[in-house]
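Work through the exercises below with the coordinates open. Each task is followed by its solution.

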Amino acid sequence: MAGLSVSVILFLAIFDEFYTPFNMKIFVVYAILVVFISITASAQPLVSPQKEITLDYIQQHYSDTSYTNKTMDSTFLWQIRGVMLYYPKLAHTHIKFRLKDTPIPLTARPRVWAIFQRPKHRQYLITISTKTSPRFEPLLLKNLSFNAQVGVIGHEMSHIADFQQRRGLYFIKLAFMHISKKYMDNFENKTDRRCIQHGLGYQLLSWSKEVREKLKIAQWRGIKGDEKDTRERYMSPESIMKWINY
Ligand SMILES: [Zn+2]
């Protein structure tokens, strides 16, 4: 936006200096050009989807000054920063990443007060499990490949991107809707789709493949999910590829 303001001031200054009815057409063309260039210049820096995202790529594109209000220790610092590159709208959202012994490998939720707060003031908590049951131990973030780590954090960030579009009352509804398998299938599937649309499709693909290979299952429905239930909740590798190429 700074680029736009400077250009408007410049435009007004030049307009004042040279205005005559004869020059009007030139000024109209100039104005359109200035606004076009400013909008292009003030857009967020874009990162492109990467088949294998690397630490190098993240370090090249990440700038500390572009992101605020994130609390985390150094454990998964660059994976989280890598994800942030693909969620520029969450650059200043308050998010705390914490490590904890808890059964579910990764969760994202708003803080309780979020129900009463505008999106700008809300705080979110992403919990990364450090210890779970032996069956799900291979799914802990620390046991995944770098690409899959970025993918699954990207999924959690996709929840927050969605929450930021919602009114506070939505969180109460969501708490109740956890009892509906159909609602939650749709909720998680849409979250994966949003993650792909943000540019992290290949990272989500790595996660989706790893979870299926490690647990030898066809569909991943969360740690509380019935493994015989073959409905898709989190996207399968095939579905992810379909959305990447959509
Ligand atoms: Zn989820």
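**Exercise 1.** Which residues does Leu204 touch, not counting residues up to four places away in sequence?

Solution. The model is a predicted one. With those neighbours in sequence left out, the contacts of Leu204 are Gly151, Gly154, His155, Asp192, Cys195, Ile196 and Ile240. Next, place Leu204 in its core: the largest nonpolar core has 37 residues, and Val83, Ile160 and Leu204 have the most contacts inside it. At least two residues of this core come from each of helix H4 (77-85), strand S2 (94-101), strand S4 (123-131), helix H5 (146-163) and helix H7 (181-215).

**Exercise 2.** Compare the end-to-end span of H7 with that of a straight helix, and locate its bend.

Solution. H7 has 35 residues, and at 1.5 Å a residue a straight helix would reach 51 Å. In the model the end C-alpha atoms of H7 are only 21 Å apart. Then look along the helix: at Gly199, H7 bends by about 125°. After H7 comes Lys216, with a positive phi near 55°.

**Exercise 3.** Why does Tyr57 count as partly exposed?

Solution. First, Tyr57 lies in helix H3 (residues 55-61). Tyr57 has 15 C-beta neighbours inside 10 Å, so it counts as partly exposed. Last, take its C-alpha distance to Gly82: 8.4 Å, with their positions 25 residues apart in sequence.

**Exercise 4.** Where does pLDDT stay under 50?

Solution. Start from the average, a pLDDT of 88, with 82% of the residues scoring at least 70. Residues 1-15 stay under 50, and the model has 12 contacts beyond four places in sequence for them. Residues 39-43 are also below 50, with five contacts beyond near neighbours in sequence.

Definitions and conventions: Residues are numbered from 1 along each chain as its sequence is written. This is a predicted model: local features need pLDDT of at least 70, side-chain atom pairs count only at pLDDT 80 or more; totals for chains, interfaces and linings use all residues. A nonpolar core is a set of buried Ala, Val, Leu, Ile, Met, Phe, Trp, Tyr and Cys residues joined through C-beta atoms within 7 Å. A residue is buried if 20 or more other C-beta atoms lie within 10 Å of its own, exposed if 12 or fewer, and partly exposed in between; C-beta atoms are placed from the backbone. Helices (H or I, at least four residues) and strands (E, at least two) are DSSP runs, numbered from the N terminus. Two residues are in contact if their C-beta atoms, placed from the backbone, lie within 7 Å. pLDDT is the predictor's confidence in each residue, from 0 to 100. The expected span of a helix is 1.5 Å times one less than its number of residues. The bend at a residue is the angle between axes fitted to the seven residues ending there and the seven starting there.
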